[in-house]
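Work through the exercises below with the model open. Each task is followed by a stepwise solution.

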Amino acid sequence: MLFTSILIFLVLSTYICHNDNSFNRLGTITVAFITLMFISSLNIVSISNGITLFNNWFIFKTINLPIIFMMLLFIMSWLTYSSTNSISINFNLLVLVLTNLLGLMTLPLVNDLLMLYIIIELQSYTLYLMTGLYNKSYNSTRASMLYFMTGGMASTIMLMSMYFLFNEYGTMNLNEMNMLQNYNNTFNMTEMMLMMGLMFKMGMAPLHRWSMSVYNYAPTYMTAYMSIVAKLSMSSLMFANYWLFDNYVMLLFMYMSLLMGAYKPLYQMNLKTMLAYSGMLNFGYLLLSVMSYDMSYYMYMMQYVLTHLLMFMMLLSAGELVTPVSKWSPLLFMNQLNMNNNYLLMSLMMCMFSLMGMPPTPGFFSKLFIMESSLMDNYMFEMMLLMMCSVMATYYYANMMKMSMNSMTNKEQTVYMNSTVAYMMSVTTMLLLTFYIYLPNMIEGLMMMYM
Amino acid sequence: MSFILLSLTTFTSLFSRLISNLTFNNFNIIKVIILISSGLIALPTIMDWSDLGVYYLTDGFSDVLVILTAFLIPTSIISNWNNIKNNLFFELVFNLGIILLINFMCQDILSFYIYFEVSLIPLFIMISLYGAANRDKAADYILIYTLFSSLFMLMSICIYQMLFNSTEYQMVNLMVLSMDLQSIMFMGMMMGVAVKTPMAPFHTWLPVVHSESPLAGSMLLAGVMLKLAIYAMMRLMLPTLSDASLLFTPFIYMLSLMTMMYTSLMTLRQTDLKVIIAYSSMSHMAVCLMGMLSNTYMGMNGSLMLSLAHGLVSPALFMMVGGILYDRYHNRLMYYYQGLMTYMPVLSVYLMMLSFCNVGAPLSLNFMGELFSMAGAINKSPMIGSMATMSVLLSASYQMKMTNRLTGGMKSKYVKSVADVTYRENLLMLLLMMPTMFFGMYPKWMMEMLTETNNVLYKM
C-alpha cells in the first residue's frame with residue numbers, strides 16, 4: 001500500500017503543478033489507511049518466532065510492532081500539522097515523507113546486513129533531502145549539507161563493519177549470525193564498528209555535535225520529524241538485534257550521553273538546542289532499557305514520542321503568538337516562551353514535568369520501569385547515574401518553565417489558534433495526563449508482545 | 001494516582017470557571033466555589049474505596065493527619081482571600097490540598113511516593129508565580145532538593161517492587177527482609193525523609209521556600225508537608241524495615257539532636273520573621289522524629305500529637321507574620337516592628353498565646369506532644385533524650401525574643417498605625433487556636449484515637 005501510494009504520488013506530482021494543502025491532506029489519509037492495514041494484519045503476530053519475508057531479508061516479529069505503530073501515528077499527526085500551515089506547502093515533501101516512511105517501517109524488520117545498508121540509506125537520503133527541502137533558508141541548506149556529510153561518514157563505517165562481519169561469519173543473514181555467535185562467544189571489533197555507525201547516525205554522545213547543529217539549523221518542523229522518527233527506528237533495530245551489540249561499548253555511549261545531555265543545556269539559551277540535548281539524554285535512558293532488554297523500552301518510547309510530539313507542536317503553533325526569529329524557526333530562544341496563552345503553556349509545562357520524571361506523567365512511570373529493569377539486571381551504578389542526570393536535567397527544565405510562567409499571571413487573552421492543531425494538542429495532552437489510567441492495560445498488552 | 005482525584009479537581013475547576021463566565025467574570029464566585037469544595041473534599045475520606053488497584057482507607061494514625069489536612073485546606077484558602085486575585089492560585093491550593101489529603105489515605109508505597117512527589121507540582125507553580133522577591137531560587141530549591149532526595153526513596157521502592165511484585169502496605173508488612181538489604185533500603189528511604197523533615201545537613205531549602213512562598217503555600221508546607229516525612233517514617237519504614245530502624249536509631253537521634261540545637265541557635269540570629277517560624281518548625285519536627293523512633297507507644301503517640309499541634313500552631317504563626325502583618329506593612333523584617341501592643345492589642349494577644357503554644361507551654365497540645373515525645377526519647381536513650389529536652393529552653397528563648405520584639409516597646413513614629421485584626425483574620429486565628437487549646441486541656445480524645453490505632457497496627 002505504501003509503495004503503491006508512493007508511485008501514485010510520484011506520478012501525480014508530475015501532473016499537478018499548483019501547491020496547496022490538499023496534497024498533504026491526501027497524504028495524511030494515505031498514512032491513516034496504512035495504519036489501518038497495519039492493525040488489521042497484526043494477527044500474524046500469533047506466529048511466535050516471527051515470519052520471514054522476501055527471501056529472509058526481513059523478519060516480521062512482535063518485538064518491533066509497537067514501535068512501527070508509534071511511528072505511523074507520529075507521522076500521521078505530523079502530516080496533519082503540516083497540512084494546516086503555510087510554510088510546509090511543498091510539492092515534494094509528501095513523496096519524500098512516504099519514501100522515508102518505507103525506510104522507517106522496514107528498518108526494524110531487517111534481517112540481512114545488505115538490506116540493513118540499503119534501508120538505512122533509503123531512510124537517510126530522504127532525510128537529507130527533506131532537511132534541505134526549503135532551500136530558500138540558508139540554515140536549512142547548511143543543515144542538510146552537514147547531515148549528509150556526517151551521515152555519509154557513518155554509513156561508510158557501517159559498510160566497512162559489514163564487510164568485516166561477512167568476512168568473519170561468511171553470511172549476511174542476521175539470524176544465522178546470531179546462531180553462529182552463540183557457538184563462538186568472542187568479542188570482536190566489527191560489531192562495535194556497526195554500533196558506532198548506528199550511534200553516529202542517532203547522534204549519541206560522544207558523536208553528537210553534528211546532530212545539535214543539524215537540529216538547530218533545520219526548520220523546526222523538520223527537526224520535529226528527524227529528531228523523533230529516525231532515532232526511533234534505529235534504536236528499535238538495536239532493540240530487536242540486541243545480541244549483536246556489545247553491552248560495554250553501549251554503556252560507554254550511555255554514560256557520555258547522559259552526562260552531556262544533562263550538563264550541556266545548562267548553559268544554553270537556544271530552545272531547540274536544549275531540546276536536542278534533552279532528546280539525547282532520553283536516548284541515554286533508552287540505551288539502558290535496550291541493554292536490559294525489557295518492556296520498559298516501549299514505555300519510554302511511548303512517553304518520548306508523546307512528549308516530543310506535543311512539545312514540537314507547541315513550539316510550531318506558538319510561532320503565531322510570538323515575534324518570530326525567522327520564518328523557519330519562529331520560536332528559537334528561551335525568553336520567547338513568555339507568551340500570552342496560558343493553556344498552551346500549561347500543556348508545555350506538563351511535557352516538561354514528564355521529561356523530568358514527575359508523577360503522574362508518563363515520564364515518571366517509564367523511568368520507574370527502567371529503574372526496575374536495570375535493578376533486576378544489576379545495573380546499579382547506571383541507575384544511580386540516571387538519577388543524578390535526571391536531577392541535573394530538572395534544573396534546565398525548571399528554568400524553561402519559569403520562563404514560560406512569567407506571563408501566566410497576566411490577564412488572560414483569547415487567542416485563536418488553528419482548530420486542527422488545537423484539537424491535536426488537546427488530545428495529546430489528555431493522553432499524557434491520563435496515562436496512568438490506561439497504563440495497567442497497556443502493560444498487559446506489551447507483556448504479550450514481548451513474550 | 002487516583003482517578004477520583006483527577007475528576008474531582010477537573011470538575012471543580014471547570015464548574016467554577018463556567019459559573020464565573022455565566023456571571024460575567026465575577027471572580028469572587030470562583031473563590032467561594034473552591035472554598036466550598038475544599039470543605040466538601042473531606043467527605044470522601046469517611047469512606048474507604050479502591051481505585052486503579054490501590055486501596056484508600058484510613059486508620060487512627062492517618063485519621064489524625066487527614067483531619068489536620070482537611071482542616072487546613074479551607075483555612076489556607078481563606079488566608080489568601082483578599083490579597084491574590086487570580087483563580088489559578090486558588091485552584092493550585094485546592095489541588096495541593098487534595099493531593100496531600102489522599103497521600104495519607106493510600107495503602108500502597110508506590111502511590112505514597114507518587115502523591116509525595118506530585119505535590120511538588122502545584123507548589124512549584126505556586127511559588128514561582130506568586131512568591132516573594134526571591135521566588136526563583138525558592139522554586140528551584142523545593143523542586144530539586146526534594147526530587148533528588150526522593151529518587152533514593154524510589155530506588156528502595158523499586159527493590160520492594162522487584163522482590164514482591166507489589167508495594168501494598170499490608171503485603172509488604174508481612175515480609176521480613178535480610179538485615180543488609182534492610183539497611184540499604186533504610187538509608188534510601190531515610191534520604192527522602194531527612195530532606196523532607198528536614199534534618200540538619202539537608203535543611204537549607206526550608207527557610208528559603210517557607211519565606212518566599214505565598215501564605216497558603218507556607219501554611220500547607222509547614223502544616224502538612226513536613227508531616228509527610230513523619231508519616232513516611234511510620235508507615236514505610238517502621239513496619240517493614242524494623243530491624244534496620246532499631247539499628248539506625250542512635251544515628252538518627254544524633255542527627256535530630258544536632259538539628260534541634262543547630263536550628264534553634266540559628267533562629268536566634270535571624271531577622272526575617274517567616275524564616276524564624278520556618279526554623280522553629282525544623283526543631284519541632286526533629287522532636288517528632290525522636291518520638292517516632294523511640295520504639296514506645298508513648299513516644300509515637302507524642303510524635304503524632306506534636307505533629308498535629310505543630311500543624312495548627314505553625315500555620316497560625318505564618319498567618320500572623322506573613323498574612324496579617326505583611327498585608328499591612330509589606331515587610332517581613334523583625335526589627336521593623338515594635339510596640340504592636342499599643343495599637344494592635346488583639347493581634348498581640350493572639351501572638352502571645354500562639355508563641356506560648358509554640359514553645360510548648362502547658363495547657364497546649366504542643367506541651368502534651370513534646371512531653372510524650374521526650375518521655376519516649378528519654379526512655380530509649382537517657383543521655384541523648386535528656387539533652388534533647390534542652391530544645392524546649394532554646395525554642396522558648398528565640399520565640400520569646402521574637403514576641404518581645406514585636407509586642408514590647410513603644411510604637412515607632414516612622415510606622416503608620418493600622419487597623420487591628422479584621423473579622424476574617426479573627427476567624428482564622430480562632431479556628432487554629434481553639435483546637436490547640438482544647439486538646440491541650442483535654443487530650444483524652446486524642447489519646448483514645450491514637451491508642452486504638454496502635455492496637456490495629458501493631459498488636460493484631
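**Exercise 1.** At roughly what angle do the axes of helix H13 (residues 273-292) and helix H14 (residues 297-329) of chain B cross, and within what distance do they come?

Solution. The model is a predicted one.
- Step 1: the two axes come within 9 Å and cross at roughly 175°.
- Step 2: angles over 145 degrees count as roughly antiparallel. H13(B) is therefore roughly antiparallel to H14(B).
- Step 3: find the residues that make the contact. H13(B) contributes, among them, B:Leu273, B:Ile277, B:Ser281, B:His284 and B:Cys288. The H14(B) side includes B:Met300, B:Leu304, B:His310, B:Leu317 and B:Val321.
- Step 4: sort this contact by class. It has 13 nonpolar, 9 polar and 1 charged residues.

**Exercise 2.** Determine how helix H12 (residues 271-292) and helix H13 (residues 296-317) of chain A pack.

Solution.
- Step 1: the packing angle is about 170°, and the axes are 9 Å apart.
- Step 2: because of that angle, H12(A) is roughly antiparallel to H13(A).
- Step 3: list contact residues. From H12(A) they include A:Leu275, A:Asn282, A:Phe283 and A:Leu286. From H13(A) they include A:Tyr297, A:Tyr304, A:His308 and A:Phe312.
- Step 4: classify them. The contact of H12(A) with H13(A) holds 13 nonpolar and 7 polar residues, and no charged ones.

**Exercise 3.** Where is chain A divided into domains, and how many residues does each domain give to the contact?

Solution.
- Step 1: domain 1 covers 1-245 and domain 2 covers 246-451 of chain A.
- Step 2: taken over C-alpha atoms, the centres of these domains are separated by 22 Å.
- Step 3: domain 1 of chain A puts 48 residues into the contact, and domain 2 of chain A puts in 45.

**Exercise 4.** Describe the second largest pocket and its lining.

Solution.
- Step 1: its volume is about 890 Å³.
- Step 2: 29 residues line this pocket. Closest to its centre are A:Phe369, A:Leu439, A:Ile443, B:Leu110 and B:Gln161.
- Step 3: assign the lining to elements. Two or more residues come from each of H15 (362-376) and H18 (435-450) of chain A, and from each of H5 (109-118) and H7 (135-164) of chain B. H18(A) gives the largest share, 7 residues.
- Step 4: the classes are 17 nonpolar, 7 polar and 5 charged.

**Exercise 5.** How many cavities of 30 Å³ or more are there, and what lines the largest cavity?

Solution.
- Step 1: the count is 12.
- Step 2: the largest cavity has a volume of about 70 Å³.
- Step 3: its lining draws on both chains, including A:Met356, A:Phe364, A:Lys367, B:Tyr113 and B:Leu147.
- Step 4: H15 of chain A and H7 of chain B each supply at least two lining residues. The largest share, 4 residues, is from H15(A).
- Step 5: by class, the lining of the largest cavity has 8 nonpolar, 2 polar and 1 charged residues.

**Exercise 6.** Locate the backbone features at A:Pro360, B:Pro198 and A:Asn378.

Solution.
- Step 1: A:Pro359 and A:Pro360 are joined by a cis peptide bond, with omega about 0°. A:Pro360 sits in the loop between H14 (342-356) and H15 of chain A.
- Step 2: a cis peptide bond also joins B:Thr197 and B:Pro198, with omega about -10°. The loop between H9 (179-196) and H10 (205-212) of chain B holds B:Pro198.
- Step 3: A:Asn378, a residue other than glycine, has a positive phi near 65°. A:Asn378 lies in the loop between H15 and H16 (380-405) of chain A.

Conventions. Residues numbered from 1 in each chain as written. Chains lettered and ligands numbered in written order. Predicted model: local features only at pLDDT ≥ 70, side-chain atom pairs only at ≥ 80, totals over all residues. Heavy atoms only, no water. Axes fitted to C-alpha atoms, helices over the stretch in contact; angles between N-to-C directions. Parallel < 35°, antiparallel > 145°, perpendicular 65-115°, else oblique. Contact = heavy atoms within 4.5 Å. Nonpolar A, V, L, I, M, F, W, Y, C, P; charged D, E, K, R; others polar. 1 Å grid on protein atoms, 1.4 Å probe; cavity = no way out; pocket = protein on both sides within 12 Å on 5 of 7 lines; lining within 4 Å. Points joined across faces, edges and corners; volume = space filled by probe spheres on them. Domains from an automatic or database assignment.
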